[in-house]
Amino acid sequence: MTAAAVIESVDADGAGARDRILDLAQRYGVYAALVVLVAVATAMNSDFMSASNWRVQLFQTAPTVLVALGMALVIGTEGVDLSVGATIALAASVIPLYIGYGPAPAIVLALLLGAAAGLVGGSMVAFAGVQPIVATLSLMIGLRGLAELLNGAAAKPVEDTTILNLGEQNLAGVPLMAWIALAATGAVAYTVRRTTFGRQLVAIGDNKRASLLAGLPVRRVLVTVYVLSGILSALAGVLIVGHGAEADPANQGLNMELSAITAVVVGGTPLAGGRVRVLGTVAGAMFMQLASAVLIQHNVPTSTTQIVEAVLICLAVYVSRERGTR
């Protein structure tokens, strides 16, 4: 073997090892980070593993998981949905307005509004060719304004027992919100891995033009993922109202789009689309919540928490980009 061939072989081996490391980091990095975080938090605080603390963390994480699941579907198509936080506010705002007709009609109306928001955003992307970030940014502004208009930009109390039970009750010692998030996780995972729609979603995210040429229903799939994202966000809004016993359109869902995107990216779903890691998204949401809780428990300023979040996003995007260039 010539010297050039040896050098080429060594370079290929090095690149292969690097690819394997990046692949492992993207696939399992969030789980390893979660285990390390729990171990460190337990060593620093003996009450961290108590049932009461975990219930609190699950209460806080469940809405983020729901929104992040929808965001993962959208990002899987190489899109993004910046309107999820405003959709939460809109769904929350109709609960006190229509709770007089009963909890079921109020919840259904909230979910329908979430679906309508997703339908508008998805149609702008799929049929008008508007960039997802532009379409959902305009929706984010409009929906937040509509929510504040409906409620007079003021927080309104909600005292309905059914709504409050959704946000406060436990089932088998676990918050009902967490069970709802778990059911949604199973449904989304099944959809992505076992259905034709899921395979089409991933194919469109991997190569939209090729999917069009292959005859896939690209526009229909794009609209559907945004509708699903809207419904999941609205459901999160209902649970947030139940947990806080009030609808606050000015503040509820604020910055939730950033939390959802962080959970999705940290969980291993590339921003370039073509892949959806459902369990990784859930682990990413849990990791971000626990990291934030640990920092707050040790009196670390919120600004530092945001810096940590930004660093994690950059790290996850770097791993995704480097792996994607190979």
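Q: What makes the radius of gyration of this chain agree with a compact globule?
A: This is a predicted model, and its chain has 326 residues. The globule rule is 2.2 Å times the number of residues to the power 0.38, which puts a compact globule of this length near 20 Å. The chain has 21 Å, so the value agrees with the rule. As for its extent, the C-alpha atoms fill a box of roughly 85 × 55 × 35 Å along the principal axes.

Q: How many helices and strands does the chain have?
A: There are 13 helices and four strands.

Q: How do you know which residues of α4 and α10 are in contact?
A: Contact means heavy atoms within 4.5 Å. By that cut-off, residues of α4 including I107, L111, G114, G118 and G122 meet a set in α10 that includes L222, Y226, G230, A234 and V238. The residues of this contact split into 15 nonpolar, five polar and one charged. Gly counts as polar here.

Q: At what angle do α4 and α10 pack, and is their crossing left-handed or right-handed?
A: Helix α4 (residues 103–126) and helix α10 (residues 218–244) pack at about 145°, with axes 7 Å apart. Angles run from 0 to 180 degrees between N-to-C directions. The crossing is right-handed.

Q: What makes up the lining of the largest pocket?
A: Lining residues have an atom within 4 Å of a pocket point, and 33 residues line this pocket. T64, L254, S259, Q289 and S292 lie nearest its centre. Two or more residues each come from α2 (51–76), α10, α11 (256–266), α12 (278–297) and α13 (302–324). The largest share, eight residues, is from α12. By class, you get 15 nonpolar, 16 polar and two charged residues. The space inside is about 1000 Å³.

Q: Which pocket is called the second largest, and what lines that pocket?
A: The second largest pocket holds about 340 Å³ of space. It has 14 lining residues, and R193, V276, R277, V278 and L279 are the closest to its centre. The elements giving two or more residues to this lining are α1 (3–44), α7 (176–194) and α12. Sorted by class, the lining has eight nonpolar, two polar and four charged residues. Arg counts as charged, and R193 and R277 are among the residues closest to the centre.

Notes
Residues numbered from 1 in each chain as written. Predicted model: local features only at pLDDT ≥ 70, side-chain atom pairs only at ≥ 80, totals over all residues. Heavy atoms only, no water. Left-handed = near helix turned anticlockwise from the far one by under 90°. 1 Å grid on protein atoms, 1.4 Å probe; cavity = no way out; pocket = protein on both sides within 12 Å on 5 of 7 lines; lining within 4 Å. Points joined across faces, edges and corners; volume = space filled by probe spheres on them.
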